[in-house]
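Here are three short exercises to work through with the model open in your viewer. Try each one yourself before reading the solution.

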Amino acid sequence: MLKITSIPAFENNYFWIIQPDPAQDTVFVVDPGAAQPVLDYLCTHQLKLGAILITHRHNDHIGGVNDLLTHYPVSVYGPRSDAIPQVTVYLGDNDHFELGELNFHVIAVPGHTWEHIAFYLPQQKTLFCGDALFAGGCGRRFDGTAEIMWDSLQKLAALPDDTRIYCAHEYTLSNLRFALAVEPDNADLQERLHHVEQLRANHQITLPSIILLEKRTNPFLRCQENGAKIFIKSQLGETPATAAEAFGALRAIKDTWPAR
Ligand SMILES: [Zn+2]
């Protein structure tokens, strides 16, 4: 039975520990931005590291890799990028690999960065998507066009509705506050925001999310809806012609949104 544990780090990052079988002591880590919290976790729970998985090149996702490798000389699975020379197994769209009897499917999701990939476990309907898709939001667009990033998010939205989403940051509350500005009449969103406010008031994690909830409440997956178009017109004075254009406009508005 697969077990997934969060290691909170920095201000709002999560590193994810994947334990394929709780009866075994080998685990994998996704996006270790620092080594010490991972080493502490392994020591406390008497586990050993079997592999490192990387979604993209940003330092808060890879900063711990070198130190971890000095303790555990394991394979590093990730995209090809000059910024991640530690990667030993290069992965691209539609690649598959097995780790501890888990069958990982790779989905390329360029946009936040050009090399960004997501790791999907089809049997367990579990997704590790780094900074591509967040609960109630998405990563900033640093690389490529709005259309490219919109297409990436559509690939994730096409996963089964009950897919669990393990993203890399605790941004849910501020994301949902922006989402409510976009769609003030969305009842699913109002309910979700209320629930997340309660969780955060108690310092609880808001992850994992699930795909169905994101499709109902995440404005960056709802760019074809009228609510997004009306909001964009109110902000920019123009109605976007396509969903991808709406996505680009919405992402740009959020980049400078006062509530952030
Ligand atoms: Zn990033």
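**Exercise 1.** In this predicted model, work out the strand order of the open six-stranded sheet and find which strands stand at its edges.

*Solution.* Start with the order: the sheet runs β7-β8-β9-β10-β13-β14, and its pairing is mixed. Next, look at the ends. β7 (96-99) and β14 (209-210) each have a single partner strand, so one side of each lacks a neighbour in the sheet. Now zoom in on one pair: β8 (residues 102-108) and β9 (residues 117-121) run antiparallel and are joined by four bridges. Pick Ile107 and you'll find its bridge partner in β9 is Ala118.

**Exercise 2.** Decide how helix α5 is oriented against helix α6.

*Solution.* Two packed helices are described by the angle and the distance between their axes. For α5 (residues 172-182) and α6 (residues 187-201), the axes come within 10 Å and cross at roughly 155°. Angles over 145 degrees count as roughly antiparallel, so α5 is roughly antiparallel to α6. As for handedness, α5 passes α6 in a left-handed crossing. On the α5 side, the contact uses Thr172, Leu173, Leu176, Ala179 and Leu180; α6 brings residues including Leu189, Leu193 and Val196.

**Exercise 3.** Judge how compact the protein chain is, given its 260 residues.

*Solution.* First, the inventory: nine helices and 14 strands. The radius of gyration is 18 Å, close to the 18 Å from the globule rule, so the chain is as compact as a globular protein of that length. The C-alpha trace spans about 55 × 40 × 30 Å along its principal axes. Finally, buried residues make up 43% of the chain.

Terms used: Residues numbered from 1 in each chain as written. Predicted model: local features only at pLDDT ≥ 70, side-chain atom pairs only at ≥ 80, totals over all residues. Pairing = 2+ DSSP bridges. Helix = DSSP H or I, 4+ residues; strand = E, 2+ residues; numbered from the N terminus. Rg over C-alpha atoms; globule rule 2.2 N^0.38 Å. Buried ≥ 20, exposed ≤ 12 C-beta atoms within 10 Å, placed from the backbone. Axes fitted to C-alpha atoms, helices over the stretch in contact; angles between N-to-C directions. Parallel < 35°, antiparallel > 145°, perpendicular 65-115°, else oblique. Left-handed = near helix turned anticlockwise from the far one by under 90°. Contact = placed C-beta atoms within 7 Å.
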